[in-house]
Amino acid sequence: MNTTVEMPAGFTPNYFVNEFSKAPEPELVDYSAPAIERPGYKILTSWTVEGGLRLWIDHNQDEAFSVPEIRDLIATLTGALKDMGEVVEARSK
């Protein structure tokens, strides 16, 4: 399948530069969207051609989520997937 991969809407490219290289050149790592910050945690979002949409959940505590946090997390993830997932998944196919 020949497709042109475009940066997802609302995502920005993340580059890595090897500062120890003789001729450092930026290397594309992934694309990321702004973090979704909620009380007690935040959701970090990235996208790659190979992996599609990826979400990381960063809990502010080194302990289990409370029941209210879990309920909020479910609602937040559902909304994030609805807002971002459809566009990103369609572009990754």
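In the predicted model, Leu73 has a relative accessibility of 11% and is therefore classed as buried, the limit being under 20%. This leucine belongs to helix 1. Beyond its neighbours within four places in sequence, Leu73 is in contact with Tyr41, Ile43, Ile57 and Phe65. Between Leu73 and Pro39, the C-alpha to C-alpha distance is 9.9 Å, although 34 residues separate the two in sequence.

The same helix supplies one partner of an ionic pair. One salt bridge is present in the structure. The pair consists of Asp72 and Arg38, whose closest N and O atoms lie 2.6 Å apart. Distant parts of the chain are linked in this way, since Asp72 is located in helix 1 and Arg38 in strand 2, 34 residues apart. Side chains of opposite charge can pair when their charged atoms come close. Arg38 is partly exposed, because its relative accessibility is 33%, a value that falls between the limits of 20% for buried and 50% for exposed residues.

The overall architecture of the protein chain comprises one helix and four strands. Read from the N terminus, the order of elements is β-β-β-β-α. Of the 93 residues in the chain, 26% are buried. Among contacts between residues at least 6 apart in sequence, 37% connect residues at least 24 apart.

The four strands form an open sheet in the order 1-2-3-4, and the pairing is antiparallel. Strand 1 (12-16) and strand 4 (52-59) are the edge strands, each of them paired on one side only. On average, and with direction ignored, neighbouring strands of this sheet are turned by 35° against each other. Strands of a sheet pair through backbone hydrogen bonds, either parallel or antiparallel.

Along the sheet, strand 1 is joined to strand 2 by five bridges in the antiparallel sense. In this pairing, Phe16 stands opposite Glu27 of strand 2. Strand 2 (residues 27-38) and strand 3 (residues 41-48) also run antiparallel and are joined by six bridges. These two strands form a hairpin with two residues between them, and Gly40 in the turn adopts a positive phi of about 95°. Eight bridges connect strand 3 with strand 4, again in the antiparallel sense. A hairpin of three residues leads from strand 3 to strand 4.

Ser46 illustrates how strand 3 is placed within the sheet. This serine is part of strand 3. Ser32 stands opposite Ser46, and in strand 4 the bridge partner of Ser46 is Arg54. Ser46 is buried, because its relative accessibility is 5%. With neighbours within four places in sequence set aside, the contacts of Ser46 are Phe11, Asp30, Tyr31, Ser32, Gly52, Leu53, Arg54 and Trp56.

Aromatic interactions were examined next. A pair of aromatic rings is described by the distance of the centres and the angle of the planes. Two aromatic pairs were counted. In one of them, the ring centres of Tyr31 and Trp47 lie 5.6 Å apart and the ring planes meet at 45°, so the arrangement is tilted, as an angle from 30 to 60 degrees is neither stacked nor edge-to-face. Because Tyr31 is in strand 2 and Trp47 in strand 3, this pair ties together parts that are 16 residues apart in sequence. Tyr31 also stands opposite Trp47 in the strand pairing. Both residues are buried: Tyr31 because its relative accessibility is 14%, and Trp47 because its relative accessible area is 0%.

Confidence in the model varies along the chain. The mean pLDDT of the protein chain is 82, and 82% of the residues score at least 70. Strand 1 has the highest confidence, at 92, whereas helix 1 (residues 67-92) has the lowest, at a mean of 77. Where pLDDT is low, the predicted coordinates should not be read in detail.

Notes. Residues are numbered from 1 along each chain as its sequence is written. This is a predicted model: local features need pLDDT of at least 70, side-chain atom pairs count only at pLDDT 80 or more; totals for chains, interfaces and linings use all residues. Side-chain values use heavy atoms; hydrogens and water are left out. Two strands pair if DSSP finds at least two bridges between them. Axes are lines fitted to C-alpha atoms, for helices over the stretch in contact, and angles run from 0 to 180 degrees between N-to-C directions. pLDDT is the predictor's confidence in each residue, from 0 to 100. Buried means under 20% relative accessible area, exposed over 50%, partly exposed in between (1.4 Å probe, protein chains only). Contact means heavy atoms within 4.5 Å. Rings of Phe, Tyr and Trp (its six-membered ring) pair if their centres lie within 6.5 Å; planes under 30 degrees apart count as stacked, over 60 as edge-to-face and the rest as tilted. A salt bridge is a side-chain nitrogen of Lys or Arg within 4 Å of a carboxyl oxygen of Asp or Glu.
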